[in-house]
Amino acid sequence: MAGPPRQRPGAWAALLCLLLAGPAACTASPADDGAGPGGRGPRGRARGDAAADEAVPRHDSSYGTFAGEFYDLRYLSEEGYPFPTAPPVDPFARIKVDDCGKTKGCFRYGKPGCNAETCDYFLSYRMIGADVEFELSADTDGWVAVGFSSDKKMGGDDVMACVHDDNGRVRIQHFYNVGQWAKEIQRNPARDEEGVFENNRVTCRFKRPVNVPRDETIVDLHLSWYYLFAWGPAIQGSITRHDIDSPPTSERVVSIYKYEDIFMPSAAYQTFSSPFCLLLIVALTFYLLMGTP
């Protein structure tokens, strides 16, 4: 007596595929059984394989193809260039001199009429909440600084400096003048600092608290101080001696609550504006007009 017909393994596989993946994914191909015209038998490839190869693309590495397609879709823009990995950094906002004497105080040293990009030295300050914002710029490739002093001489001064290092960055550093030597202090009150080196100028901006805990190396800015202005070269990110022998200073103590626009002529213009020089010019002019007796 004959038993029930035996099912071929291929039929069981097809049934399992129907249950798990659905009819659309389990459409049988003539090549599966090796039957039908153009099918594949156990002895090799039959006719029609070339056409099948053209209809169904083959991949040597399915993972590599998937990764490449994912990269093209996710990381390449329409022009084919990779998307940036981080948003671009905002450029350094230029210092506005139109606000000098109005919403901030300014000191200019150099040629009459100069601004933050043409003065030999430029400093501005303004109150922002519990902070003072400083802007410094100088015609140098090294460093630019401002010192807060109880007199007009170096020694025992709190100094903030913007230093251009060998990597092209401008860092804000804190120093304390010991005589004629500036010692870097690790405790740095600066925050929100930014700086740039362009057109052979070091320019920076930072904030500093008005009130600080008592410390001999950090002064309270709510008090009035003489301001010392200096700039000079740097070697491997370390400051060296300032450019001029007698750096300019404020004529009187500066209050951060009073905004002025103060111009100080550089040495070249101080020569022609000194009282003795003006008297000499007047005397020479009178001599030339009157003639010799």
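**Reading the core and the sheet**

Author: In this predicted model, the largest nonpolar core has 30 residues. Those with the most contacts inside it are Tyr121, Leu123, Phe134, Leu136, Phe148, Phe206 and Tyr227.

Reader: Which strands supply at least two residues of this core each?

Author: The list is β1 (105–110), β2 (121–128), β3 (131–138), β4 (143–149), β5 (158–164), β6 (170–178), β9 (201–209) and β10 (226–232). The largest share comes from β3, with four residues.

Reader: What is Tyr121 in contact with, leaving aside its neighbours within four places in sequence?

Author: A contact here is a pair of heavy atoms within 4.5 Å. Take Tyr121 in stretches. One set of its contacts is Phe107, Arg108 and Tyr109. Another is Leu136, Ser137 and Ala138. Then come Val144, Ala145 and Val146. Phe229, Ala230 and Trp231 complete the list.

Reader: How do I read a strand within a sheet?

Author: Start with the side chains. In a regular strand they alternate between the two faces of the sheet. Then look at strand order. Here, six strands form an open sheet, ordered β8-β9-β3-β2-β1-β13. The pairing is mixed.

Reader: Which are the edge strands?

Author: β8 (191–198) and β13 (261–265). Each of them pairs on one side only. From one strand to the next, the twist averages 10°.

Reader: In what sense do β8 and β9 pair, and over how many bridges?

Author: They are antiparallel, over six bridges. For a place to look, find Glu198: it stands opposite Arg201 in β9.

Reader: Now β10. Why is it largely enclosed by the rest of the structure?

Author: Check burial residue by residue. Buried means under 20% relative accessible area. In β10, six of the seven residues are buried, so the strand is largely enclosed by the rest of the structure.

Reader: How many bridges join β4 and β10?

Author: Seven, in the antiparallel sense. Val144 has Trp231 in β10 as its bridge partner. Both residues also appear among the contacts of Tyr121.

Reader: Step back to the protein. How many helices and strands are there?

Author: Six helices and 13 strands. The protein has 293 residues, and 32% of them count as buried.

Reader: What share of the contacts joins residues 24 or more positions apart?

Author: Count the contacts with a separation of 6 or more. Residues 24 or more positions apart account for 53% of them.

Reader: And what does the protein expose?

Author: About 19700 Å². Carbon and sulfur atoms supply 57% of that area.

Notes: Residues are numbered from 1 along each chain as its sequence is written. This is a predicted model: local features need pLDDT of at least 70, side-chain atom pairs count only at pLDDT 80 or more; totals for chains, interfaces and linings use all residues. Side-chain values use heavy atoms; hydrogens and water are left out. A nonpolar core is a set of buried Ala, Val, Leu, Ile, Met, Phe, Trp, Tyr and Cys residues joined through side-chain atoms within 4.5 Å. Buried means under 20% relative accessible area, exposed over 50%, partly exposed in between (1.4 Å probe, protein chains only). Two strands pair if DSSP finds at least two bridges between them. Axes are lines fitted to C-alpha atoms, for helices over the stretch in contact, and angles run from 0 to 180 degrees between N-to-C directions. Accessible areas come from the Shrake-Rupley method with a 1.4 Å probe; for residues, only the protein chains shown count as cover.
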